[in-house]
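Biologist: I would like to go through this model label by label. Tell me what stands behind each term.

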Amino acid sequence: ERLVAQGFELADRIPTIDRSFVLVESEAISRAQRVYVVLNALGAWLPFIAVGLFAAGVYAARNRRRALLRGSLGVVAAMVVLGAGLALARTF
C-alpha cells in the first residue's frame with residue numbers, strides 16, 4: 001500500500017497472502033504460558049507477602065526483639081548473597 005501511495009503501480013499487482021505456520025503444537029506450551037502468567041502476577045505481590053510473613057513471625061515470637069534482630073540479619077544476609085551472586089553472574 002505504501003509503494004502504491006508513492007507511485008509504484010506494479011506493487012498493486014502483488015496478491016494478498018494470509019498464511020500462518022504452526023511451528024510447535026503442544027499442550028505443555030499452553031500450560032507453561034499459564035504458569036508464567038501466574039508467576040508474573042505473583043512476582044508483584046511477593047515482596048508484600050514476605051514483609052507480611054516477617055511481621056507475623058516477629059509478632060508470634062516470644063522474644064520479639066530477638067526475632068526482629070535475627071530476621072533483620074537474615075534479610076541482610078540474603079541481600080549480601082544476592083548481590084554477590086549478581087556480581088558473579090555479570091562477569092560470566
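Biologist: Why is Glu 27 called exposed?

Modeller: This is a predicted model, to begin with. Glu 27 has a relative accessible area of 52%. Exposed means over 50%. Therefore Glu 27 counts as exposed.

Biologist: What makes the contact of Arg 34 and Glu 27 a salt bridge?

Modeller: The distance from N to O is 3.9 Å, between the side chains of Arg 34 and Glu 27. The cut-off is within 4 Å, for a side-chain nitrogen of Lys or Arg and a carboxyl oxygen of Asp or Glu. So the pair qualifies.

Biologist: How many salt bridges does a search of the whole structure find?

Modeller: One.

Biologist: Why is Arg 34 called partly exposed?

Modeller: Its relative accessible area is 48%. Buried means under 20% and exposed means over 50%. Arg 34 falls in between, so it is partly exposed.

Biologist: Which residues make the nonpolar surface patch?

Modeller: Val 35, Leu 39, Leu 42, Trp 45, Leu 46, Phe 48, Ile 49 and Leu 53. The patch comes to about 860 Å².

Biologist: What makes Trp 45 eligible for a patch?

Modeller: Trp is on the list of nonpolar side chains, and a patch residue needs over 30% relative accessible area. Trp 45 has 56%. That value is also over the 50% cut-off, so Trp 45 counts as exposed. Its place is in helix α2, residues 27–60.

Biologist: Is Leu 53 buried or exposed, and how do you know?

Modeller: Exposed, because its relative accessible area is 61%, and the label requires over 50%. Leu 53 also lies in helix α2. From Leu 53 to Leu 39 there are 14 residues in sequence and 19 Å in space, C-alpha to C-alpha.

Biologist: Why is Ala 55 called partly exposed?

Modeller: Ala 55 shows 43% relative accessible area. Partly exposed lies between the 20% and 50% limits, so the label follows. Ala 55 is found in helix α2. Ala 55 and Ala 32 are 23 residues apart in sequence and 33 Å apart in space, C-alpha to C-alpha.

Biologist: How do you know that the chain is not a compact globule?

Modeller: Compare the radius of gyration with the rule. A compact globule of 92 residues would have one near 12 Å, but the chain has 28 Å. The C-alpha trace spans about 85 × 35 × 25 Å along its principal axes. Buried residues make up 3% of the 92 residues.

Biologist: What pattern does the chain follow along the sequence?

Modeller: The pattern is α-α-α, with three helices and zero strands.

Biologist: How far apart are the mean positions of the positive and negative charges?

Modeller: They are 37 Å apart, for 11 positive and 6 negative charges.

Biologist: What supplies the exposed area of the chain?

Modeller: Carbon and sulfur atoms supply 65% of about 9,100 Å².

Terms used:
Residues are numbered from 1 along each chain as its sequence is written. This is a predicted model: local features need pLDDT of at least 70, side-chain atom pairs count only at pLDDT 80 or more; totals for chains, interfaces and linings use all residues. Side-chain values use heavy atoms; hydrogens and water are left out. Patches are made of residues with over 30% relative accessible area and no salt bridge: like charges are joined within 9 Å, nonpolar side chains (Val, Leu, Ile, Met, Phe, Trp, Tyr) within 5 Å. Accessible areas come from the Shrake-Rupley method with a 1.4 Å probe; for residues, only the protein chains shown count as cover. Helices (H or I, at least four residues) and strands (E, at least two) are DSSP runs, numbered from the N terminus. Buried means under 20% relative accessible area, exposed over 50%, partly exposed in between (1.4 Å probe, protein chains only). The radius of gyration is taken over C-alpha atoms; the globule rule is 2.2 Å times the number of residues to the power 0.38. Lys and Arg count as positive and Asp and Glu as negative; His and the chain ends are not counted. The place of a charge is taken as NZ of Lys, CZ of Arg, CG of Asp or CD of Glu.
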